[in-house]
Amino acid sequence: MPALVLLGAQWGDEGKGKATDLLGGSVDYVVRYQGGNNAGHTVVVGDQKYALHLLPSGILSPGCTPVIGNGVVVDPAVLLSELSGLNERGVDTSKLLVSGNAHLITPYNITVDKVTERFLGKRKIGTTGRGIGPTYADKINRTGIRVQDLFDESILLQKVEAALDFKNQVLAKLYNHRAVVAEQVVEEMLGYADQIKGYVADTTLILNDAIDEGKVVLFEGGQGTLLDVDHGTYPFVTSSNPTAGGACTGAGVGPTKINRVIGILKAYTTRVGAGPFPTELFDKDGEALRTIGGERGVTTGRDRRCGWFDAVIARYATRVNGLTDFFLTKLDVLTGWEQIPVCVAYEVDGKRVEELPHNQSDFHHAKPVYEMLPGWSEDITKAKTFAELPKNAQAYVKALEDMSGAPISAIGVGPGRDETIQINSFLD
Ligand code: GDP
Ligand code: IMO
Ligand code: MG
């Protein structure tokens with residue numbers, strides 16, 4: 001089983017970090033293929049809690065080589081501070097590989113992210129303010145700066161000047177912001193070059209060779225399916241492709257090499273930032289999910305919006321990612337509800353629809369159609385097998401599986417590595 005993709009099936013924060021870390025001990029490479037430090041992945045190992053933003057969660061497993069693929073956007077200051085933070089806690093990060101083709105988040109990309117959001121006012125996306133969108137915009141616009149540019153001062157200056165030519169006009173004339181000085185940007189970026197150089201590698205070559213040799217490679221998505229710039233709730237999305245196809249472009253590996261695609265699925269739903277969310281709750285149940293589930297953003301500290309499980313979204317994730325398995329997380333959070341509503345379909349303009357509406361306005365107006373499933377009150381955090389779960393918890397999982405279109409192969413019953421029920425191995 002050489003190559004697997006692990007990705008978010010909802011709006012992010014499904015527990016991808018925990019799932020990746022769990023597999024980390026059995027895989028040779030863990031690869032981030034898109035996004036940047038907008039991600040916040042929490043990993044709990046024993047009594048230690050780690051919050052990773054840019055680095056792949058596999059970095060915490062000693063035998064595993066962490067890779068930042070070409071599709072990632074890299075803030076060099078964040079990269080270095082995250083590495084030194086882990087080193088101070090005794091984590092060996094020396095194996096890290098960074099693609100020379102990955103794009104760099106520059107200080108002016110962060111400025112543009114913030115001023116754009118400010119000017120959008122109440123129409124803002126609610127970005128993480130990390131410069132993600134503007135960096136991807138520069139990449140597509142062919143004015144981006146890549147990791148490899150750090151090692152050629154004159155090229156770096158030319159590229160930064162080219163990027164700023166237009167941007168400074170916009171910043172000064174439209175946003176009333178002072179112009180950015182190219183030389184200052186270059187000086188700051190060059191200050192990171194020596195520390196980053198040792199990690200830079202032809203990651204596409206290394207990963208393809210590894211797969212050909214039968215090594216196990218895990219592609220770890222940031223964000224989630226509904227935040228995908230093509231398949232998500234546009235424009236309330238991030239600017240990359242967290243969906244499975246993103247692993248191919250973002251790491252330079254062909255689709256024929258990928259054997260398994262695992263969707264991480266929370267037993268209820270959360271979202272951070274603006275945008276439609278049919279099952280969102282504004283009552284005491286929503287507050288309870290937030291409190292019991294600890295639903296506060298790892299990156300921005302914002303409270304997450306919370307709602308019931310949405311099977312329409314899960315089915316959509318199965319479709320656009322070609323999911324082979326689900327990893328259902330945070331089942332323990334639902335302990336204590338007498339009945340648990342599950343959204344099985346939407347009502348749009350008085351009609352029942354089973355699939356995600358193709359039209360944006362329809363999705364914004366979609367009303368959830370709920371089915372009530374019986375809850376359970378027993379503590380499930382110590383359960384190690386499916387049979388040890390209370391009957392109603394088993395029935396909840398089975399119902400979600402039937403509605404979602406792919407087998408649930410693992411269940412999270414707590415944040416720790418060992419608080420997991422493995423039903424089918426991901427590595428067969
Ligand atoms: P990611 O962005 O997908 O990696 O997810 P986050 O780390 O942002 O958010 C998931 C949160 O849920 C983290 O605090 C995890 O420690 C926690 N978590 C993951 N799986 C479980 C689980 O099965 N049960 C509980 N109670 N917490 C979990
Ligand atoms: P992980 O990997 C949840 C959301 C932001 C905003 C939108 C665009 O931890 O699941 P961006 O800064 O990317 O331009 O913001 O996307 N967002 C996330 N929401 N989890 C994440 O990452 C997210 N990364 C971005 O809140 O709505
Ligand atoms: Mg997160």
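1. Let me start with ligand 2, where Thr-128 deserves a look: an N or O atom in the Thr-128 side chain sits 2.6 Å from an oxygen atom of ligand 2. Please keep in mind throughout that this is a predicted model. Two further pairs involve oxygen atoms of ligand 2: one with a polar side-chain atom of Asn-38, at 2.9 Å, and one with a polar backbone atom of Gln-223, at 2.8 Å. In total 20 residues surround ligand 2, and the closest are Asp-13, Lys-16, His-41, Thr-128 and Thr-238.

2. Ligand 1 makes a good companion to that site. Here 19 residues surround the ligand, with Lys-16, Gly-17, Gly-40, Thr-42 and Asp-332 the closest. A nitrogen atom of ligand 1 lies 2.6 Å from a polar atom in the side chain of Asp-332. On the oxygen side, ligand 1 has an oxygen atom 2.9 Å from an N or O atom of the Asp-13 side chain, and an oxygen atom 2.9 Å from a polar backbone atom of Gly-15. Lys-16 is worth selecting in your viewer, as it is listed among the closest residues for ligand 1 and among the closest for ligand 2.

3. Next, the metal. The magnesium ion (ligand 3) has Asp-13 (OD) and Gly-40 (O) as its protein donors, at 2.0 to 2.1 Å. These two come from distant parts of the chain, 27 residues apart: Asp-13 belongs to the loop between strand S1 (3-8) and helix H1 (16-24), while Gly-40 belongs to the loop between strand S2 (29-32) and strand S3 (41-45). How exposed are the two donors? Asp-13 is partly exposed, at 21% relative accessible area, whereas Gly-40 counts as buried, at 11%. The Asp-13 figure is only just on that side of the divide, because buried means under 20%. Both residues also turn up around the other ligands: Asp-13 is one of the closest residues to ligand 2, and Gly-40 is one of the closest to ligand 1.

4. Helix H1 follows the Asp-13 loop, and the helix is mostly covered, with eight of its nine residues buried. The buried set is made up of Lys-16, Gly-17, Lys-18, Ala-19, Thr-20, Asp-21, Leu-23 and Gly-24. Two of these names, Lys-16 and Gly-17, are already familiar from the surroundings of ligand 1.

5. The second largest pocket is a natural place to go from there. Its volume is about 580 Å³, and the elements that give two or more residues to its lining are H1, S3 and strand S15 (325-329). S3 gives the most, with four residues. The lining comprises 29 residues, and those nearest the pocket centre are Thr-42, Gly-293, Arg-304, Lys-330 and Pro-415. Sorted by class, the lining holds eight nonpolar, 11 polar and 10 charged residues. Thr-42 is also one of the residues closest to ligand 1.

6. What about enclosed space? The count comes to one cavity of 30 Å³ or more, and the largest cavity has a volume of about 50 Å³. Its lining consists of Ile-59, Ser-61, Pro-62, Cys-64, Pro-66, Asp-92, Thr-93 and Lys-95. By class, that makes four nonpolar, two polar and two charged residues.

7. Some backbone geometry is worth checking by eye. Tyr-234 and Pro-235 are joined by a cis peptide bond, with omega at about 5 degrees. Pro-235 is located in the loop between strand S10 (217-220) and helix H8 (244-251).

8. Where are the non-glycine residues with positive phi? One is Arg-142, with phi of about 65 degrees, in the loop between helix H4 (132-140) and helix H5 (153-174). Another is Asn-176, with phi of about 55 degrees, in the loop between H5 and helix H6 (182-197). Arg-142 is exposed at 76% relative accessibility, and Asn-176 is exposed too, at 73%.

9. A last small detail concerns Thr-270, which lies in strand S12 (residues 269-271). At 2% relative accessibility, Thr-270 counts as buried. Its side chain makes a polar contact of 2.9 Å with the side chain of Lys-266.

Note on methods: Residues are numbered from 1 along each chain as its sequence is written. Chains are lettered from A and ligands numbered from 1 in the order in which they are written. This is a predicted model: local features need pLDDT of at least 70, side-chain atom pairs count only at pLDDT 80 or more; totals for chains, interfaces and linings use all residues. Side-chain values use heavy atoms; hydrogens and water are left out. On a 1 Å grid over the protein atoms alone, a cavity is a set of points where a 1.4 Å probe fits but cannot get out, and a pocket is an open set with protein on both sides within 12 Å along at least five of seven lines; lining residues have an atom within 4 Å of a point. Grid points are joined across faces, edges and corners, and a volume is the space filled by probe spheres set on the points. Ala, Val, Leu, Ile, Met, Phe, Trp, Tyr, Cys and Pro count as nonpolar, Asp, Glu, Lys and Arg as charged, and the others, Gly among them, as polar. Donors are N, O and S atoms within 2.8 Å of the metal (3.2 Å for Na, K and Ca); water is not among the atoms, so sites may look incomplete. Buried means under 20% relative accessible area, exposed over 50%, partly exposed in between (1.4 Å probe, protein chains only). A residue is near a molecule or strand if one of its heavy atoms lies within 4 Å of it. A polar contact is a pair of N or O atoms within 3.5 Å; within protein, one must be able to donate a hydrogen and the other to accept it, and residues adjacent in sequence count only if both atoms are side-chain atoms.
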